[in-house]
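Let's take a walk through this structure together, one piece at a time. Keep the sequence and the 3D view open as you read.

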Amino acid sequence: VCTGTDMKLLRPSSPESHYETLQHLYQGCQVVQGNLELTYLPADADTAFLKVRSGKTPGGGEGRGSGRPLTRVPPSQDIKEVQGYVLIAENNVSGLE
């Protein structure tokens, strides 16, 4: 469970700290208490923080035939519930993870 935001379309004073704040708020979150606002993300923003990972899958050339063990990488669990509104606006990213 994580806390949502209530910034609407207010432009952040620092794009870097805004991204870090969003990442801190939503990383590993499945239930947002309040609003989920993804705004003013730069083109190079990594939005993978919107997923929770757990489980065992091969990755990075590991697994069968590589001589390396499988690593723990969970199956993605997206945010499942938002108790407020969802606002996705004014972003420069090409897509969301």
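A residue counts as buried when its relative accessible area is under 20%, and as exposed when that area is over 50%. Bear in mind that this is a predicted model. With a relative accessible area of 17%, Tyr19 is therefore buried.

Tyr19 is a good place to begin with helix α1, which covers residues 15–26. The end C-alpha atoms of α1 are 17 Å apart, which agrees with the 16 Å that its twelve residues should span. Besides Tyr19, the buried residues of α1 are His18, Leu22, Leu25 and Tyr26. They cover an arc of only 130° around the axis, so they sit on the same side of α1. Why might that be? An α-helix has 3.6 residues a turn, so residues three or four places apart point the same way. Turn to the other side of α1 and you will find Glu16, Glu20 and His24 exposed. The cover over the buried residues includes β1, β2 and β3. After the helix comes Gly28, with a positive phi near 80°.

Now for the aromatic rings, where the count is one pair. Tyr19 and Phe49 meet edge-to-face, with 5.8 Å centre to centre and 80° between the planes. Phe49 belongs to the loop between β3 and β4, so the pair ties together parts that are 30 residues apart in sequence. Phe49 is buried too, at a relative accessible area of 3%.

Finally, look for charges: there is one salt bridge. Asp6 forms it with Lys8, and their closest N and O atoms are 2.7 Å apart. Asp6 is exposed at 52%, whereas Lys8 is partly exposed at 44%.

Key
Residues are numbered from 1 along each chain as its sequence is written. This is a predicted model: local features need pLDDT of at least 70, side-chain atom pairs count only at pLDDT 80 or more; totals for chains, interfaces and linings use all residues. Side-chain values use heavy atoms; hydrogens and water are left out. A salt bridge is a side-chain nitrogen of Lys or Arg within 4 Å of a carboxyl oxygen of Asp or Glu. Buried means under 20% relative accessible area, exposed over 50%, partly exposed in between (1.4 Å probe, protein chains only). Rings of Phe, Tyr and Trp (its six-membered ring) pair if their centres lie within 6.5 Å; planes under 30 degrees apart count as stacked, over 60 as edge-to-face and the rest as tilted. Helices (H or I, at least four residues) and strands (E, at least two) are DSSP runs, numbered from the N terminus. The expected span of a helix is 1.5 Å times one less than its number of residues. The arc is that of the directions from the helix axis to the C-beta atoms. Contact means heavy atoms within 4.5 Å.
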